[in-house]
Amino acid sequence: MTAPTSGDEPKPWRVEGGPPKRSRRRPWVQLVVMLLVLLAVNWIVTSVLLRPEPRVAVSYTFFVTQAQKANIEEITSTGDTIEGTFREKAAYTPLGEKKSEQVDRFTTERPTFAADNLFALLQAHGVAVNAKPPDAPAPVWQQLLLGFGPALLIIGLLVWFFRRAAAGAAGGIGGFGRSRAKLFSPDSGPRTTFADVAGIEEVEQEVTEIVDFLRDPERYRKLGARIPHGVLLSGPPGTGKTLLARAVAGEAKVPFFSMSASEFIEMIVGVGASRVRDLFEQAKKVAPAIVFIDELDAIGRARGGAQSLGGNDEREQTLNQILTEMDGFTGSEGVVVLAATNRAEILDQALLRPGRFDRLVTVSPPDVAGREQILAVHTRGVPVDPDVDLKKIAATTPGMVGADLRNLVNEAALLAARRRHETVTTADFGDALEKILLGTVRGIMLTPEEKERTAFHEAGHALLGMLTPGADPVRKISIIPRGQALGVTFQSPDTDRYGYSSAYLRGRITGALGGRAAEEVVFGEVTTGAESDLDQVSNIARQMVGRWGMSEAIGPVTVLPAPGTESPLGLDGVAPATRELVDSEVRAIVDDCYSDALRLLREHRARLDRLAQALLAAETLDERAAYEAAGL
Ligand code: ADP
Ligand code: ZN
């Protein structure tokens with residue numbers, strides 16, 4: 001993995017054969033250098049330019065002689081001091097010296113006792129005479145310049161310096177408008193390649209064409225072939241979209257600019273658009289290059305809907321700027337924009353028009369074989385015990401995506417290190433998986449009553465999971481408190497599931513209600529421990545009714561927005577009557593399942609008791625022990 005170049009410079013990218021490297025001096029060094037330069041300039045200005053040539057002090061007699069020779073141009077007198085210039089340079093030998101010097105500008109003192117009529121003499125020889133009151137203040141502009149000038153200069157310098165520094169540090173005050181894209185340039189270490197991406201071969205195929213284009217844009221240009229301006233990668237978080245984009249850049253050996261869409265947006269309108277402009281400008285400079293925009297949905301949501309009520313100007317401006325940039329491509333720039341989103345369906349259609357993100361690539365969670373390959377990639381640098389069977393681990397991790405699997409390998413390695421193992425063993429992997437799936441053990445003690453109640457609660461979940469045909473097998477039951485829960489029952493399918501039947505979903509609801517039902521059957525009352533169960537129950541039931549057409553009264557239509565896209569103001573075009581119908585259908589399903597749960601548990605009360613007792617004794621039961629205890 002390449003590291004982004006340090007972010008404390010305004011333009012942190014380095015490119016082979018590109019623009020020359022920016023100096024990497026520290027900001028404070030720059031400040032000192034600037035101060036020295038300023039001082040030098042100041043010295044030059046005051047000593048050389050502003051200060052006139054010094055006047056030579058001549059004797060009064062010499063002055064009078066020159067006046068009589070009519071060699072005086074003009075004088076200015078201040079008190080008894082007379083300053084002036086000679087018409088032509090006069091040779092003056094100061095008292096006590098041998099060499100004479102050529103004097104042009106002079107100054108002299110008129111003795112107070114001089115009784116000559118100097119004025120008449122000067123007038124007779126046509127000398128211009130000025131007089132200034134003694135100690136006349138310097139002109140106002142000079143006073144201002146000398147008084148405030150240095151202070152203003154220093155303040156200006158400091159402001160300039162801080163703005164620069166802030167622009168360099170990501171998100172600083174002065175950094176508005178400059179895109180904060182991270183650049184991975186060809187010379188910044190080992191690049192990500194397709195070898196680092198596993199389990200999503202179909203998707204790799206789709207982007208190889210882009211790699212080919214970026215490697216040799218000229219070949220495509222000559223044939224007039226139009227390469228897509230933008231590719232939209234869509235898929236759940238952690239499936240490797242960013243990784244893939246990085247790998248495309250790595251394979252093509254071109255610079256990689258990446259930025260998350262949410263980073264474009266600041267509180268100040270117009271900043272996002274200017275960041276976009278800056279980002280594309282930089283990319284074009286070093287083209288061929290890849291610009292990667294993560295979380296595109298943060299700015300690319302459909303406009304005009306209920307979502308955009310209120311201050312969304314900034315978002316729209318930013319989005320428009322991206323569209324403008326992409327429209328502006330003629331295809332010869334060699335900049336390809338990749339973007340990622342978790343949900344392509346809520347994006348503004350304008351983004352998907354030809355010349356924009358005209359290629360949509362769906363990245364799905366990996367299947368069993370894909371998971372095995374991903375595990376292989378992430379165990380490359382890990383000393384894994386020869387006994388470890390990645391295929392088996394892949395089989396026990398349905399639904400996990402690349403990021404989860406990487407995390408699993410890391411957790412296992414951490415456990416192995418803590419246990420002072422030489423290699424990462426199967427047991428390390430198993431315990432790491434348990435920790436990830438069930439949560440970290442919380443060190444609290446339950447009272448005996450709480451413990452018993454929890455045992456029956458979990459036994460209720462587990463038993464219904466075992467009794468319902470088609471339900472996912474129970475893999476583990478535990479009454480050791482973890483995370484928010486006092487106990488856990490973990491079920492997972494044998495193979496990957498891609499769709500769910502109504503019967504399966506009802507089974508899930510029944511199982512989730514099993515904890516509460518068991519408490520009611522055994523203790524005659526329920527506790528708050530079932531809260532998250534109920535969340536899960538209503539979630540499944542609402543989707544069945546509102547989105548999956550699994551209720552007769554509503555019929556096979558979608559009446560609810562997808563979870564997460566609901567409008568906060570309830571403006572999603574669902575009629576109130578329909579909402580009520582949805583609610584009552586949801587209630588009907590849940591009631592139905594709950595009475596099933598109660599009935600089953602009462603029928604199998606003996607199994608429930610045995611399972612709960614086994615749990616109380618062992619605290620954690622794995623699949624075999626659990627089915628054995630239940631007698632199934
Ligand atoms: P996304 O952008 O889709 O949310 P990422 O690309 O950020 O996902 O994935 C996070 C990390 O998970 C990657 O850096 C990589 O280590 C791992 N990962 C995800 N998918 C894969 C994959 N298909 N092959 C190998 N590693 C993967
Ligand atoms: Zn529960």
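Hi everyone, let's start with the outside: the protein chain has an accessible surface of about 33200 Å², and 56% of that belongs to carbon and sulfur atoms (Shrake-Rupley method, 1.4 Å probe; for residues, only the protein chains shown count as cover). This is a predicted model, where local features need pLDDT of at least 70 and side-chain atom pairs 80 or more, while totals for chains, interfaces and linings use all residues. Residues are numbered from 1 along each chain as its sequence is written, ligands are numbered from 1 in the order written, with chains lettered from A, and side-chain values use heavy atoms, leaving out hydrogens and water.

The chain has 21 helices and 14 strands (DSSP runs, H or I of at least four residues for helices and E of at least two for strands, numbered from the N terminus).

Now, to the ligand. Which residues come nearest to ligand 1? Of the 16 around it, they are Ala 198, Gly 238, Lys 241, Thr 242 and His 378, where "near" means a heavy atom within 4 Å.

His 378 also places a polar side-chain atom 2.8 Å from a nitrogen atom of ligand 1. In addition, an oxygen atom of the ligand is 3.4 Å from a side-chain N or O atom of Arg 406. How much of ligand 1 does the protein cover? Of the 550 Å² accessible on its own, 87% is covered. Helix 7 (241–252), helix 12 (368–378) and helix 14 (402–418) each give two or more residues to this shell.

Finally, domain 3 (182–362) and domain 4 (373–438) each supply at least three shell residues, with bounds from an automatic or database domain assignment.

Methods: A polar contact is a pair of N or O atoms within 3.5 Å; within protein, one must be able to donate a hydrogen and the other to accept it, and residues adjacent in sequence count only if both atoms are side-chain atoms.
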